[in-house]
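The following note is offered to a colleague who wishes to look at the ligand site and the domain layout together. Please read the points with the structure open.

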Amino acid sequence: MITNNTIDKFKRIETPFYYYDLDVLKSTLDVVKKESDNSGYKAHYAVKANSNPRILKIISSYGLGADCVSFNEISAAIEAGFNPSEIVFAGVGKTDKDINAALSAGIFCFNCESIPEMEVIDELAAKQSKIARIALRINPYVEAHTHKYITTGIEESKFGINTWELDNVIKRLSDFKNLKLIGIHFHIGSQITRMSVFKSLCARINELQVWFASHNIVLEIINVGGGLGIDYENPEKDPDFHEYFSLLHEFIDLLPGQKLHIEPGRSITGQCGSLISKVLFIKNGSNTLFAIIDAGMTDLIRPALYQAHHKIENLTSTGNIFRYDVVGPVCESSDTFAKYIELPETARGDIIAIRSAGAYGEVMASRYNLRDLPKAVFSDEI
Ligand code: LLP
C-alpha cells in the first residue's frame, strides 16, 4: 500500500527508482510458507524474477529453495543465505564454466533439457569425481495461454525434452556413470492466469508417471516449475496460492515417497515492487496528450517487449480525469508504458507509480542510451 506518508517521502528521492514494500513481500511469503508447510511441497524461488540482494535475503529467511539459471544467480542465492543443497540449476544453454562451478558448490539438482547437455554434465562431473543429480525437463505440450514470448511448453519450443525422445534418454542413462536421475521437471510458461492450464499439466504429468513406472524408473521429485500469474490490474491483490496448491494436490497423483517441487518467481515478488518516476513534460500531439516521464524502457522493459500492462497511478494529482499516453525518454517509439489511459490532470513534477513491477523489472534493466540503472528503495528505509 502506498500511503500519503510514503508519497511525501518519495518527493525527496531522486527518480526513477524501484520501491519495494517489504510488508507486501513478507505477507506473500507467509502465505507461500503456510501452503508449503501444509502440503509438504518444496518451493524454489525463481531468482531470475528479482535478484536484488535484500529481496533474496528475505526470501531465503522463509526457508525457500532457489531456482537459478546461471552460476552468478547461484552465487547470489548462496550469498543471500539459500542452502546450496536446495538450489536447482535450469536453462537450455548451461556453460561448462557454470556447470563446473555448480558441481563444486554441491547444488541439489541440474534440470536437464537435452541429451547433449547430459553428456557434458556427465563428463564434467566425472572429472570432479562427483555424481550430478539431474531432473529431466520434459516438454509436455501444454498450451499456457499467455504471451508467446513467455510460452515454453509447446511443440518446437527450444525448451525441454520432447516426449518422443524419452526412449533414447532412458537408453543413454546407463552410459552416464556420473549422473543420477532423481526426477522430472516442467515449466510451460509464465503469467498463467487460467488455472485450467495447470490442471492440463497435472494430467500430462500423471501420464508420464505411468510411462516412467513402466520403465522401472523411480522418480523422487516432480517439479512443476513456475508460471502462476498475478493480477496486473489489481496491484494490492495477492496471487491465489491456496487455489494453486489445492489444484496441484487434487490433480497430481504423487507416488509414495515422491516430493512435489514448484518454482514460483513472479507470484512472489511481482506485487511488492513499483517503479516510481517523475513527469518531465506534458506534450501535446495532434490528438494525444503525452506524459513524458523520467523512467523508460531501460528501467522496465515489459511493456515494450511483451506489450505488458502495468497499472499506472499519478500519486500527486487529484485533478480532473484526462487521457494520456505515458512514455519514457528513450529514443524508441516502443518506449511507451501505456496508451490512452485515464489519469488525473498531470503536470511536470507529478509522481507516477508503475505498479506490479517487482518481478522482471529491476533485473531486466539495461544501460541503453547510457542511462543510469534504477536504484532500489525499501519501505523500511524511508
Ligand atoms: N522455472 C523456470 C524453468 C522458468 O523458466 C521460469 C521463468 C520460472 C520458473 C519462474 O516463472 P514465474 O513463476 O515467474 O512465471 N521476463 C518475462 C518472464 C520470463 C519468465 C522466464 N521463466 C516477463 O517479464 O513476463
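Which atom of the ligand is 3.3 Å from an N or O atom in the side chain of lysine 48?

1. The model is predicted. The partner of lysine 48 is an oxygen atom of the ligand, which is 3.3 Å from an N or O atom in that side chain.

2. Two further polar contacts deserve inspection. An oxygen atom of the ligand is 2.9 Å from a polar backbone atom of glycine 227, so the contact to glycine 227 falls within the 3.5 Å cut-off. A nitrogen atom of the ligand is 2.7 Å from an N or O atom in the side chain of glutamate 263. Of the 590 Å² of accessible area that the ligand has on its own, the protein covers 91%.

3. The ligand sits in the largest pocket. It is surrounded by 19 residues, and the closest are Ser190, Glu263, Arg302, Tyr306 and Tyr360. Glu263 thus appears both in this list and in the contact with the ligand nitrogen atom described above.

4. By class, the shell around the ligand comprises six nonpolar, seven polar and six charged residues.

5. The chain is divided into domain 1 (4-18 + 271-381) and domain 2 (23-269). The contact between them takes 22 residues from domain 1 and 24 residues from domain 2. Taken over C-alpha atoms, the centres of domain 1 and domain 2 are separated by 33 Å.

6. Which domains supply the shell around the ligand? At least three residues come from each of domain 1 and domain 2. The site is therefore best viewed with both domains displayed, since domain 1 and domain 2 each contribute to the shell under the domain assignment used.

Key
Residues are numbered from 1 along each chain as its sequence is written. This is a predicted model: local features need pLDDT of at least 70, side-chain atom pairs count only at pLDDT 80 or more; totals for chains, interfaces and linings use all residues. Side-chain values use heavy atoms; hydrogens and water are left out. A residue is near a molecule or strand if one of its heavy atoms lies within 4 Å of it. A polar contact is a pair of N or O atoms within 3.5 Å; within protein, one must be able to donate a hydrogen and the other to accept it, and residues adjacent in sequence count only if both atoms are side-chain atoms. Accessible areas come from the Shrake-Rupley method with a 1.4 Å probe; for residues, only the protein chains shown count as cover. On a 1 Å grid over the protein atoms alone, a cavity is a set of points where a 1.4 Å probe fits but cannot get out, and a pocket is an open set with protein on both sides within 12 Å along at least five of seven lines; lining residues have an atom within 4 Å of a point. A molecule sits in a cavity or pocket if more than half of its atoms lie within 2 Å of its grid points. Ala, Val, Leu, Ile, Met, Phe, Trp, Tyr, Cys and Pro count as nonpolar, Asp, Glu, Lys and Arg as charged, and the others, Gly among them, as polar. Contact means heavy atoms within 4.5 Å.
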